[in-house]
Amino acid sequence: QSLTHLIQQLPKAELHLHLEGSLEPELMFKLARRNQIQLPYADEAALHQAYQFNNLQEFLDLYYQGTSVLNTEEDFYDLTFAYMKRIHADQVIHTEVFFDPQAHLARGVSLETQLRGITHALAEARHQFNISYRLILSFLRHLSEEEALNTLEQALPYLDQIAGVGLDSSERGQPPEKFTRLFARCHALGLKVTIHAGEEGPAEYVWQALKLLNAERIDHGNRALEDAELLIYLAQQGIPLTMCPLSNQKLCVVPELDQHPILQLLEKGLCVTVNSDDPAYFGGYINDNFQALVNHLPVLPHHIYQLCRNSLIASWMDPSEKQQAL
Ligand code: HPA
Ligand code: ZN
């Protein structure tokens, strides 16, 4: 089919991807064996069988459990390189990836170890596949602002490797306003800011991310659709939404993919993009997410062009890089 071919061949950027969420069952078992860690599943099939979620929290419980196999620099290298190799096949020319340092610090894995593995793999992939990248340090919103500030302090020696900061994990009951001081400090350090908001939380959390945390992008943002004034603001300010269709389906953020708001938002003039979020858990990488939209919504070729173009526009590439990509 020609839309499938178009998806395959168009250059694109991925802007919403958690490296820990790209840990495929096969690699998880391999790293568990290498580190002599016992996983609570008999095999890869049993693990995969457990990937059925009613909400964000049920997913997060398995996601954090999965991170227990990530302990050495080599583990982080293997995780990151496998992702980069995979997206090369999807014609991704630029990617901006999140990692959750607090999840690993809690297990005694230093930031130095995490970053050495991740950045070595990113640099090697740029060399081998010509994929450019940015790294985003994401804070866990179920933990305190104090703990996030402490993590930021630990990251200060490595800020040359970190383009921006994010906020992820359990959204319900964890409003952006809880982290106002943290993101003011990040802003002062010259870090870019992107915030998960409006996935399960209300449109009000999107407003807080924009007004209180100075977010330049919103990750997910589905529930912006409930606030007409917010939609106008997002369109006028050109604030991108990094949407994740298969993630939304697996976490029951939308009842069915044919109810996904992405085309409505695109047609209202918002800069929406397509991303995979946690591909190992949600059943597909970026092109699978595009294909899922095509399978369930009245997607036309110009939508695919616009979504790919938006991903490049919304990226944090340097202006000259961006010019060239567009
Ligand atoms: N939402 C919030 N936190 C996350 C996600 C997500 O989709 N993936 C990994 N951490
Ligand atoms: Zn996410």
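**Exercises on a predicted model**

The shell around ligand 1 consists of 2 nonpolar, 5 polar and 4 charged residues. The structure is a predicted model.

**Exercise 1.** State which residues lie around ligand 1.

*Solution.* Start with the charged class, which has 4 members. The shell includes Asp-168, Glu-199, Asp-277 and Asp-278. Next come further shell residues, among them His-18, Gly-21, Ser-169, His-196 and Ser-247. Leu-56 and Tyr-63 also belong to the shell.

**Exercise 2.** Decide whether Glu-199 is buried or exposed, and place it in the chain.

*Solution.* First, locate the residue: Glu-199 sits in the loop between β5 (192-197) and α10 (203-211). Second, count its surroundings: 23 other C-beta atoms lie within 10 Å of Glu-199. The cut-off for buried is 20 or more, so Glu-199 is buried. Third, list its contacts: leaving out residues up to four places away in sequence, Glu-199 touches Leu-56, Glu-171, His-220, Asn-222 and Val-253. Last, check the record: an unreviewed UniProt entry lists Glu-199 under "active site".

**Exercise 3.** Find which residues of helix α4 (residues 56-66) are buried and how they are arranged.

*Solution.* The buried residues of α4 are Leu-56, Phe-59, Tyr-63 and Gly-66. Viewed down the helix axis, they fall within an arc of 85°, so they line one face of α4. Their cover includes α2 (25-34) and α14 (279-282). Two of these buried residues return from earlier: Leu-56 and Tyr-63 are around ligand 1.

**Exercise 4.** Name the residues that touch the most other members of the largest nonpolar core.

*Solution.* The core has 88 residues, and the residues sought are Val-97, Ile-118, Val-206, Ala-209, Ile-218 and Val-272. Strand β3 (residues 132-140) supplies the largest share of this core, 6 residues.

How values were computed
Residues are numbered from 1 along each chain as its sequence is written. Chains are lettered from A and ligands numbered from 1 in the order in which they are written. This is a predicted model: local features need pLDDT of at least 70, side-chain atom pairs count only at pLDDT 80 or more; totals for chains, interfaces and linings use all residues. A residue is near a molecule or strand if its C-beta atom, placed from the backbone, lies within 6 Å of it. Ala, Val, Leu, Ile, Met, Phe, Trp, Tyr, Cys and Pro count as nonpolar, Asp, Glu, Lys and Arg as charged, and the others, Gly among them, as polar. A nonpolar core is a set of buried Ala, Val, Leu, Ile, Met, Phe, Trp, Tyr and Cys residues joined through C-beta atoms within 7 Å. A residue is buried if 20 or more other C-beta atoms lie within 10 Å of its own, exposed if 12 or fewer, and partly exposed in between; C-beta atoms are placed from the backbone. Helices (H or I, at least four residues) and strands (E, at least two) are DSSP runs, numbered from the N terminus. The arc is that of the directions from the helix axis to the C-beta atoms. Two residues are in contact if their C-beta atoms, placed from the backbone, lie within 7 Å. UniProt positions are given in the numbering used here, feature names are shortened, and annotations may be inferred rather than shown by experiment.
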